[in-house]
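Work through the exercises below with the sequence and the model side by side. Try each task before reading its solution.

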Amino acid sequence: MSLASPLVSPLAHPLSAVRQRIAQAAAAAGRDPRSVTLLAVSKTFPAEDIARAAALGQTAFGENYVQEAVDKIAALRPDWPALQWHFIGPLQSNKTRDVAEHFDWVHSIDRLKLTQRLSDQRPAELEPLQVCIQVNVDGETTKSGVRPEDASALAAAVAALPRLRLRGLMCIPEPRADAAAQRAPFARLRELRDAIAAEHGLTLDTLSSALLWAPKPDGRQRNQARPARLGKRPGAGCVVPRRNPRQSAVAGAARAGRQPAGWPGGSVDLR
């Protein structure tokens, strides 16, 4: 099957349903749906699946594994040159050159040394690399990210690097039991972003987040800017075809607008 002529029918309904939920959540929060960019997390999925989603108008894709992503980017770029590639995984020093040379965005900046490498290794013929600083909003020892009190100094240093463009902040908060509690870390992240922008005279327009669960999609759209991520976490509203019965059941439940049996609250994972 040609990557330029993918079969789109398996993806049309779930992708449309996700877009409708984003639009509904944005409208309920008084937001323009166009201010939210859906980032489809395509890690572990083959280039053929990404091409199918691209044929339906999905343009932003998130990847965690550098070599896997580089291979897919090379396969897809001739037919789909306008796709945006977002690196959303932990950044390692031996992978910065590949990330700088192939990706459009990096969402997981948390160390100045690695960020300097990205700037130094970004090819001159490419646009500046768009980056977000990852903030550990809940102080979890198992998660990466800078402490909120250290984010301002890092932002000032990153903003000064010539081949990068600082766009905003990213967080991966702990899941909460109710919508009000789930919104709280995103509100803190938004306030931190705005404070950093004011302190340093920066234009920061992005809040990126990776949320395990929210009781309802609108539990986080009030505070989140672009992009929202949709991936293959348990219970996610699936955009790509699934390969085992359990995942297929999750996809079907998301398409039907109900919660998959055995999973916690929420039917769409807008991470």
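**Exercise 1: a threonine in a helix**

Task: Find which residues Thr115 is in contact with, leaving aside its neighbours within four places in sequence, and then determine where Thr115 lies.

Solution: Setting aside neighbours within four places in sequence, the residues in contact with Thr115 are Ile109, Val158, Leu161 and Leu164, where contact means heavy atoms within 4.5 Å. Before going on, note that this is a predicted model, in which local features need pLDDT of at least 70 and side-chain atom pairs count only at pLDDT 80 or more, while totals for chains, interfaces and linings use all residues. Residues are numbered from 1 along each chain as its sequence is written, and side-chain values use heavy atoms, with hydrogens and water left out.

Next, place the residue: Thr115 lies in helix α5, residues 112-121 (helices, H or I of at least four residues, and strands, E of at least two, are DSSP runs numbered from the N terminus). Its relative accessible area is 0%, so Thr115 is buried (buried means under 20% relative accessible area, exposed over 50%, and partly exposed in between, with a 1.4 Å probe and protein chains only). A polar atom of the Thr115 side chain lies 2.7 Å from the backbone oxygen of Arg111. Finally, Thr115 and Leu154 are 39 residues apart along the chain, and their C-alpha atoms are separated by 9.8 Å.

**Exercise 2: two buried residues in contact**

Task: Establish in which strand Glu63 has its place and in which strand His86 is found, and then list the polar contacts of their side chains.

Solution: Begin with Glu63, which sits in strand β2, residues 60-63, and is buried, with a relative accessible area of 0%. The Glu63 side chain makes a polar contact with the side chain of Ser42 at 2.6 Å and another with the side chain of Lys72 at 2.9 Å. A polar contact is a pair of N or O atoms within 3.5 Å; within protein, one must be able to donate a hydrogen and the other to accept it, and residues adjacent in sequence count only if both atoms are side-chain atoms.

Turn then to His86, which is found in strand β3, residues 84-87, and which is buried at a relative accessible area of 2%. Its side chain makes a polar contact with that of His107, at 2.7 Å. Not counting residues up to four places away in sequence, Glu63 touches residues including His86, Trp85 and Phe103. Leaving aside neighbours within four places, His86 is in contact with residues including Glu63, Phe103 and Trp105.

**Exercise 3: from strand to helix to strand**

Task: Trace the path through β6, α7 and β7, and determine the handedness of this β-α-β unit.

Solution: First take the strands, since β6 (residues 164-171) pairs with β7 in the parallel sense over four bridges (two strands pair if DSSP finds at least two bridges between them). Leu169 stands opposite Leu207 in β7. Strand β7, residues 206-209, is covered on both faces, with Thr206 and Ser208 buried on one side and Leu207 and Ser209 buried on the other.

Now follow the helix between them: α7 covers residues 179-200, and the β-α-β unit is right-handed, which means that, with the strands pointing away from the viewer, the path from the first strand over the helix to the second runs clockwise. At the N-terminal end of α7, Asp178 acts as a cap, with a side-chain oxygen 3.1 Å from the backbone nitrogen of Ala180. Among the buried residues of α7 are Phe186, Leu189, Leu192, Arg193 and Ile196. An α-helix has 3.6 residues a turn, so residues three or four places apart point the same way. After α7 comes Gly201, whose phi is positive, near 65°.

**Exercise 4: two loop residues**

Task: Decide whether Thr44 and Lys95 are buried or partly exposed.

Solution: Thr44 lies in the loop between β1 (38-41) and α2 (47-55), and its relative accessible area of 43% makes it partly exposed. Although Thr44 is not a glycine, it has a positive phi of about 75°. Lys95, in the loop between β3 and α4 (96-102), is also partly exposed, at 26% relative accessibility.
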